[in-house]
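User: I'm new to reading protein models. Could you walk me through a few features, one at a time?

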Amino acid sequence: MCCKLFTVTEHQTITTSQIHVDRVTHTYETETGALPVLNDLTIKIEENRFTAVVGPSGCGKSTLTRLIAGLLIPDEGEVWLKGEHVSSPRSSVGMAFQNPVLLEWRSVLKNINLPLEIIPAEARAQVPSNRGQELLELVGLAGFGDKRPSELSGGMKQRASLCRALVHNPEVLILDEPFAALDAFTREDLWLTMLRLRDQEPFTGLLITHDLREAIFLADEVIVLSARPATNQYSLDLSDFKIRTLDDLYTNEAMDILNVLRGQIQQASEISLAER
Ligand SMILES: Nc1ncnc2c1ncn2[C@@H]1O[C@H](COP(=O)(O)OP(=O)(O)O)[C@@H](O)[C@H]1O
Ligand SMILES: [Mg+2]
C-alpha cells in the first residue's frame, strides 16, 4: 500500500495533543494468516495527563505501546507525538515494562543512565549530569546507585526501571504493566512513588494495566479496549475524582467507578470468548 504524505504544518492545525493515536488499524501477518489486532483505534492524551488503558488479554495493548514508540508503523491511521508524525523509533519516549531487564554488569546508576548513551547529543546536553542520581533519591533508592541489579528486590528493580524511563526527560512515558509481577504491598508502594514522581515533575503518559484499582489510582482517564481487534469500547474521565491516598480506593465513589469498569471489561472479555 502506498504511504500517505503529511507536512507538519498541515497537521499542526489538526492536533496539539501530546499523544494522538489517530484511527489506527494494525494487522500482524502470521504463519496461520492475518491477525487483525487494532481496528480504528483513537486515543488522545493532552500534556501532563496520564491515561490508563485496560482490556482483555491479547487485545493489542502492547502493540499499541510499540506503535506510539515508533517501533511499529500502523497499517492505517497515524500516530502523532506533540504534533510530529511518528514514522520511526522515538527517543523522546520513555518506556518501562513488567520485566525491568537491568544489565547485571552495570551498576544501578549506570543502568538508569543507559538512555543517555543512546539519545542524540543535543538531547543529552539538555539533561543535568546528576539527573539519574536525583531520580534515584526521588524513588527512595538513594545509596543504591553503586549496587548491582541482583542486589535489589523486585520492587527496587522496578523503581530503577522507572528512573531509566524518565532519565532523558522524555516527552511521554509509556508503562506496560510495570507493576504486574509485584506483590500487593510493593505494588501499592510503587503507586505512591508514581504519585510523588508526578508531583515533582508532571509527565504525559500511558499506563497499560490489568489492575483497575491501579488504573483509577494513577490515571486521569481510563480507556477500556474491546476484544481483538481492539477499538475504543469505553472511556471514563477521572479529572474530578481525585485520589490521593490508598484509603480513597475504598470509598463508595471508588467502588462505583470500579464496578462500572469491571462491567466494561467483562463485556469485552465475553465478546472475546464468544469469538473464539
Ligand atoms: N510480532 C507479532 N507477530 C505476530 N503476532 C503478534 C506479534 N505481537 C503480538 N502478536 C499477537 O497479537 C495479539 C495482541 O498482542 P499484544 O499487543 O501483545 O496484546 P496484549 O498486550 O493486549 O496482551 C496477540 O494475539 C499476540 O499473540
Ligand atoms: Mg501486553
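Analyst: Sure! Keep in mind that this is a predicted model. Let's start at the end of a helix: just after H6, Gly 140 takes a positive phi of about 85°.

User: And H6 itself, which of its residues are buried?

Analyst: To call a residue buried, we look for 20 or more other C-beta atoms within 10 Å of its own. In H6, which covers residues 131-138, that gives Gly 132, Leu 135 and Leu 136. Look down the axis of H6 and those buried residues fall within an arc of 105°, so they line one face of the helix.

User: What covers the buried residues of H6?

Analyst: The cover includes helix H3 (108-112) and helix H7 (154-166). Let's pick one residue from H7: Arg 164.

User: Why does Arg 164 count as buried?

Analyst: Just count neighbours again: Arg 164 is buried because it has 24 C-beta neighbours inside 10 Å. Skipping the neighbours within four places in sequence, Arg 164 is in contact with Asn 111, Ile 112, Leu 114 and Pro 115. You can also check Ala 96: it sits 68 residues from Arg 164 along the chain, yet their C-alpha atoms are separated by 8.1 Å.

User: Okay, now the ligand. Which element gives the largest share of the shell around ligand 1?

Analyst: For a shell, list the residues around the molecule, then see where they come from. Around ligand 1 you'll find, among them, Tyr 28, Val 37, Gly 60 and Lys 61. Strand E1 (19-30), strand E2 (33-45) and helix H2 (61-68) each give two or more residues, and H2 has the largest share, with three. By type, the shell splits into four nonpolar, six polar and one charged.

Technical notes:
Residues are numbered from 1 along each chain as its sequence is written. Chains are lettered from A and ligands numbered from 1 in the order in which they are written. This is a predicted model: local features need pLDDT of at least 70, side-chain atom pairs count only at pLDDT 80 or more; totals for chains, interfaces and linings use all residues. A residue is near a molecule or strand if its C-beta atom, placed from the backbone, lies within 6 Å of it. Helices (H or I, at least four residues) and strands (E, at least two) are DSSP runs, numbered from the N terminus. Ala, Val, Leu, Ile, Met, Phe, Trp, Tyr, Cys and Pro count as nonpolar, Asp, Glu, Lys and Arg as charged, and the others, Gly among them, as polar. A residue is buried if 20 or more other C-beta atoms lie within 10 Å of its own, exposed if 12 or fewer, and partly exposed in between; C-beta atoms are placed from the backbone. The arc is that of the directions from the helix axis to the C-beta atoms. Two residues are in contact if their C-beta atoms, placed from the backbone, lie within 7 Å.
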